[in-house]
Amino acid sequence: MPTLVHIPYSPWSRRARLALQRMGVTVDLRPFTPVLSEPWLRAKLRRPLGRFTLPVLLRDGERPLTDSYDIVAWGHPRATAGGLLPAAHAEAVRAWADRADRAMEAGRVRTAHRVLDAPEALQASLPPPIGSLGPLGRAIGRDATRRLLRKYPSAPDEAPLRALCEAIDEALSATGDGTLLGTPTYADLAAACALAFVQPDRWSKVPRAAQSSWTEPDLATAHADVLAWRDTLLGDVAQQSGSGSPVA
């Protein structure tokens, strides 16, 4: 069975995982722990050096898939509960995924800067084996966060997040049916998961002590209706999977 390697709190991983779940596509789930899981995954990818991104779908005898959209495209023809990439909306879904990417890239940079300045958020974000090392663990965490910022250099601009919120609001007003394109598609999940960088939702795996570092208070207030839409959508997906209780 294919294995989805994912970071539970990462919106990139989450949108792929939830899309497969909503389509009824079964895969093994393997959580990735930064630093600790890297040697294993590099061996699987046959990539001893250089960058790699998550999520990753490992398939026996086939090339790994390392992009959320490609993973969802792989799952679409295997869907048992309805696909999320209808041909009639292919270009529009891709455009929404790209818009969500831009928002998440901006959110990642803004969040990383805030985590560096918030000892409690940094401590909460560390994998347990590293967090248990005390000051050494926090030093490792700061170094990993700085390396992330070097890996994804960009200006910490909130404009892409604001643009996503405004585009969602406009699309929902146009369709009037709770979807972005007039029918359920991957666009809905891609946009909804990206909103974690505006404010984490009740089902988020982001540690509570770090959630303020992920939050844009002004955007969260201005677009409370968009966040409410997100919560309804993700709540429906959680209920579908039988995990209707928010994560503690």
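Reader: What percentage of the 248 residues of the chain count as buried?
Author: The model is predicted, and each residue is judged by its relative accessible area. A residue counts as buried when that area is under 20%. Of the 248 residues of the chain, the share that meets this condition is 46%.

Reader: How many helices and how many strands are there in the chain, and what is its radius of gyration?
Author: The chain holds 11 helices and four strands. For 248 residues the globule rule gives 18 Å, and the value for the chain is close to that, so the chain is as compact as a globular protein of that length. Its radius of gyration is 18 Å.

Reader: Among contacts in the chain between residues at least 6 apart in sequence, what percentage join residues at least 24 apart?
Author: A contact requires heavy atoms within 4.5 Å. Pairs of residues at least 6 apart in sequence form the set considered here. Within that set, the share joining residues at least 24 apart is 72%.

Reader: Is Gln21 buried, partly exposed or exposed?
Author: Gln21 belongs to helix H1, which comprises residues 11-23. Buried means under 20% relative accessible area and exposed means over 50%. The relative accessibility of Gln21 is 27%, so this residue counts as partly exposed.

Reader: Which residue has the backbone oxygen that the side chain of Gln21 reaches?
Author: A polar contact needs a pair of N or O atoms within 3.5 Å. The side chain of Gln21 comes to 3.0 Å from a backbone oxygen, and that oxygen belongs to Val237.

Reader: Where is Ala210 found, and is it buried or exposed?
Author: Ala210 is in the loop between helix H9 (186-194) and helix H10 (217-222). Its relative accessibility is 0%, and the limit for a buried residue is under 20%. Ala210 therefore counts as buried.

Reader: Which residues does Ala210 touch, not counting residues up to four places away in sequence?
Author: Ala210 is a buried residue. With residues up to four places away in sequence set aside, the residues that Ala210 touches are Ala121, Ala124 and Ser125.

Reader: Which residue has its backbone nitrogen 3.1 Å from a polar atom of the side chain of Thr185?
Author: Thr185 is placed in the loop between helix H8 (159-175) and H9. At 2% relative accessibility, Thr185 counts as buried. Leaving aside neighbours within four places in sequence, Thr185 is in contact with Leu84, Pro86 and Val93. The backbone nitrogen at 3.1 Å from its side chain is that of Ala187.

Notes: Residues are numbered from 1 along each chain as its sequence is written. This is a predicted model: local features need pLDDT of at least 70, side-chain atom pairs count only at pLDDT 80 or more; totals for chains, interfaces and linings use all residues. Side-chain values use heavy atoms; hydrogens and water are left out. Helices (H or I, at least four residues) and strands (E, at least two) are DSSP runs, numbered from the N terminus. The radius of gyration is taken over C-alpha atoms; the globule rule is 2.2 Å times the number of residues to the power 0.38. Buried means under 20% relative accessible area, exposed over 50%, partly exposed in between (1.4 Å probe, protein chains only). A polar contact is a pair of N or O atoms within 3.5 Å; within protein, one must be able to donate a hydrogen and the other to accept it, and residues adjacent in sequence count only if both atoms are side-chain atoms.
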